Amino acid sequence: MVLAAGLLYGAIYLVPGVTGALQKTEIVHYGEIKVSQGMTYYIVRNEKVYLSERSGDINYYYEEGAQVRRGTRILEVTSHPGEAGERSFEDILERLGGSAVPSTSFNSENHGLVSYHIDGYEGFFNPEAIPSIKREDIPERITLENITRKRVVAGEPLYKICDHTKWYILGWV
């Protein structure tokens, strides 16, 4: 009887708690912060951009802002040999430098929010770099680009995963 109660307790509380099987999924939407002073601030968080290692048609599994767990497959790329096409997003890829991660599995390496909007500064604005970021190194205008599309060429960005647990605000007074 005690053994059965212990097994039942483990099945109901311990297994889902360890595996995260019963965690609620949230969808986060971009908004804005209202500021009464005329100053510029930057939101800094851990963001990882994933690049496709093959060309093909894209099938998206998650919407913008969906919260996913580590190991979640975000999308699928169906290859078409011999149909590579011309690569786009060269300016973004140049700004990303070595901070983007090539992927063939299209699985998230971390928990976070799915985003299909990138600016190329995901490697520049990160929490570890905050102490070394200088105001003069930041471009005057940073624009997000929506990278959702039907086809991808190898080496192009597909999505990013944003850490939703810690966000920082960077600004100068």
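Read along the sequence, this chain goes α-β-β-β-β-β-α-β-β-β-β-β-β-β, which comes to two helices and 12 strands (DSSP runs numbered from the N terminus: H or I of at least four residues for helices, E of at least two for strands). It's a predicted model, where local features need pLDDT of at least 70, side-chain atom pairs count only at pLDDT 80 or more, and totals for chains, interfaces and linings use all residues. Residues are numbered from 1 along each chain as its sequence is written, and side-chain values use heavy atoms, with hydrogens and water left out.

**Exercise 1. Work out the strand order of the open three-stranded sheet and find its edges.**

Step 1. Start with the order: β5-β3-β10, with antiparallel pairing. Two strands count as paired if DSSP finds at least two bridges between them.

Step 2. Check one pairing. Strand β3 (residues 56-60) and β10 run antiparallel and are joined by two bridges. Within that pairing, G56 sits opposite V152 of β10.

Step 3. Now the edges. β5 (75-79) and β10 (151-152) each have a single partner strand, so one side of each has no neighbour in the sheet.

**Exercise 2. Find the residues that touch the most other members of the largest nonpolar core, then follow L75 outward.**

Step 1. Settle the terms. A nonpolar core is a set of buried Ala, Val, Leu, Ile, Met, Phe, Trp, Tyr and Cys residues joined through side-chain atoms within 4.5 Å. Buried means under 20% relative accessible area, exposed over 50%, and partly exposed in between (1.4 Å probe, protein chains only). By that cut-off, 35% of the chain's 173 residues are buried.

Step 2. The largest core has 23 residues, and I74, L75, L158, Y159 and I161 touch the most other members. At least two core residues come from each of β2 (47-52), β5, α2 (90-96) and β11 (157-162).

Step 3. Take L75. Skipping residues up to four places away in sequence, L75 touches I58, N59, Y60, Y61, F106, L158 and Y159 (contact: heavy atoms within 4.5 Å).

Step 4. Don't stop at one core: a second, separate one of eight residues includes Y42, V44, I138 and L170.

**Exercise 3. Is T72 buried or exposed?**

Step 1. Place T72 in the loop between β4 (67-68) and β5.

Step 2. T72 has 15% relative accessibility, so T72 counts as buried.

Step 3. List the contacts: beyond neighbours within four places in sequence, T72 meets Y62, F106, N107 and S108.

**Exercise 4. Describe the linings of the largest and second largest pockets.**

Step 1. A pocket, on a 1 Å grid over the protein atoms alone, is an open set of points where a 1.4 Å probe fits, with protein on both sides within 12 Å along at least five of seven lines; lining residues have an atom within 4 Å of a point.

Step 2. The largest pocket is lined by 33 residues, with Y30, G31, Y41, Y42 and I43 nearest its centre. β1 (41-44), β7 (112-115) and β11 each give two or more residues to this lining. By type, the lining of the largest pocket splits into 17 nonpolar, eight polar and eight charged (nonpolar: Ala, Val, Leu, Ile, Met, Phe, Trp, Tyr, Cys and Pro; charged: Asp, Glu, Lys and Arg; polar: the others, Gly among them).

Step 3. For the second largest pocket, the lining divides into three nonpolar, six polar and four charged residues. Its 13 lining residues include N46, E47, K48, N110 and I161, the closest to the centre.
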